[in-house]
Amino acid sequence: MISEEQYGQFAADGYLVLRGAIGEDLLAAADDEIDAVIAADPPPAGTAGPHFYFLPPGRLPAADAALRQSGGLRTATELVAPHVLEHGLDHIQIALNIPPHPHRPGGPHIDGHRPGQPKPDSFTMLAAVYLVDETGPGAGNLWVWPGSHLAHQRLFAERGTGALLPVSGHTLSLDRPAALATPRPVLAGRGDLLLAHFLLGHNIGDNTSGGIRRVLYYRLRCDRHDARWAQTFLDAFAEYEPVRRRIIPPG
Ligand SMILES: [Fe+2]
């Protein structure tokens, strides 16, 4: 269950981390499944930095179960009720970050933006199931720009919902970028669950640790998101009424 404090964090920062949300049995099964995917199609020798696998949820039943059977999806749904969440882009992403990868990102992006697209490929929420220890920095952590969901909302209100298409979702590539707060790495450990707003600016972090970073990403979309996607760019809480209620109590 999401606490009042966590609702406040999500509203202000655009993300929250739920500690110990996924049980060890589900994590172990997901690890075995990921091991098999990597064994069948290993990263090229010498790969350093990010390496991804995008597979349909039906091909990754243990990864899907880690989100569903843990209750993680039900908890995520608390943020968007009465909407329900489903896989948005029909994939689950296995994300690796192989050391050494000392590069720290200079700016954030939001997903689903490429030049020439008629509209962004948006969704509602990014969820991540953590499989290794990222409780300190330099472990390949996702970097986030807290509050940038609201900065992006303001930018789209001023310049239109297609404003970030030509720059592939990178606001700092615009002539007049949105004002952003200081970024930070997300700190989380095995079994933790990250829930992040689609409009939260983020990027791949540095991995100077001794181990490969491994995480599962789920791009979740509210039912009928396609019909209201533009509204969600102009009003960050359009699909997050339970969050909005905490900021602006009714009546
Ligand atoms: Fe991304």
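In strand β6, Pro 185 is the bridge partner of Trp 143. This pair belongs to the pairing of β5 (residues 142-144) with β6, in which two bridges join antiparallel strands. The model in which they are seen is a predicted one. β5 and β6 are part of an open sheet of three strands, ordered β6-β5-β8 and paired in the antiparallel sense. The edges of this sheet are β6 (184-185) and β8 (202-204); each has a single partner strand, so one side of each lacks a neighbour in the sheet. Strands of a sheet pair through backbone hydrogen bonds, in either a parallel or an antiparallel arrangement.

The protein as a whole has seven helices and nine strands. Its C-alpha atoms fill a box of roughly 50 × 40 × 30 Å along the principal axes. A compact globule of 251 residues would have a radius of gyration near 18 Å, and the 17 Å of the protein agrees with this. Of the 251 residues, 40% are buried. Among contacts with a separation of 6 or more, 89% are between residues 24 or more positions apart.

Strand β4 (125-130) is a useful place to look at the interior. Six of its six residues are buried. In a regular strand the side chains alternate between the two faces of the sheet. In β4 both faces are covered: Met 125, Ala 127 and Val 129 are buried on one side, and Leu 126, Ala 128 and Tyr 130 on the other.

β4 also has strand partners. It is joined to β7 (residues 193-197) by five bridges, and the two strands run antiparallel. Within this pairing, Leu 126 has Ala 196 of β7 as its bridge partner. The pairing of β4 with β9 is likewise antiparallel and extends over six bridges; here Met 125 is partnered by Leu 220 of β9.

The largest nonpolar core has 60 residues, and those touching the most other members are Met 125, Ala 127, Ala 128, Val 129, Leu 194, Leu 195 and Leu 216. Val 129 shows what such a position touches: leaving aside residues up to four places away in sequence, its contacts are Ile 22, Ala 30, Ala 66, Leu 67, Leu 193, Val 215 and Leu 216.

Two of these contacts, Ala 66 and Leu 67, lead to helix α3. This helix spans residues 61-68, and its buried residues are Ala 63, Asp 64, Ala 66 and Leu 67. Viewed down the axis of α3, they fall within an arc of 155°, so they line one face of the helix. An α-helix has 3.6 residues a turn, so residues three or four places apart point the same way. The cover over the buried residues of α3 includes the helices α2 (24-40) and α4 (72-77), together with the strands β3 (85-98), β4 and β9 (213-222).

Strand β9 also leads to helix α6, whose buried residues pack against β9 and α5 (148-159). Which residues of α6 are buried? In this helix, residues 225-234, they are His 225, Trp 229, Thr 232 and Phe 233. These residues cover an arc of only 90° around the axis, which puts them on the same side of α6. The face turned away from that buried side carries Ala 227 and Gln 231, which are exposed.

Methods
Residues numbered from 1 in each chain as written. Predicted model: local features only at pLDDT ≥ 70, side-chain atom pairs only at ≥ 80, totals over all residues. Buried ≥ 20, exposed ≤ 12 C-beta atoms within 10 Å, placed from the backbone. Helix = DSSP H or I, 4+ residues; strand = E, 2+ residues; numbered from the N terminus. Arc of directions from axis to C-beta. Contact = placed C-beta atoms within 7 Å. Pairing = 2+ DSSP bridges. Core = buried A, V, L, I, M, F, W, Y, C linked by C-beta atoms within 7 Å. Rg over C-alpha atoms; globule rule 2.2 N^0.38 Å.
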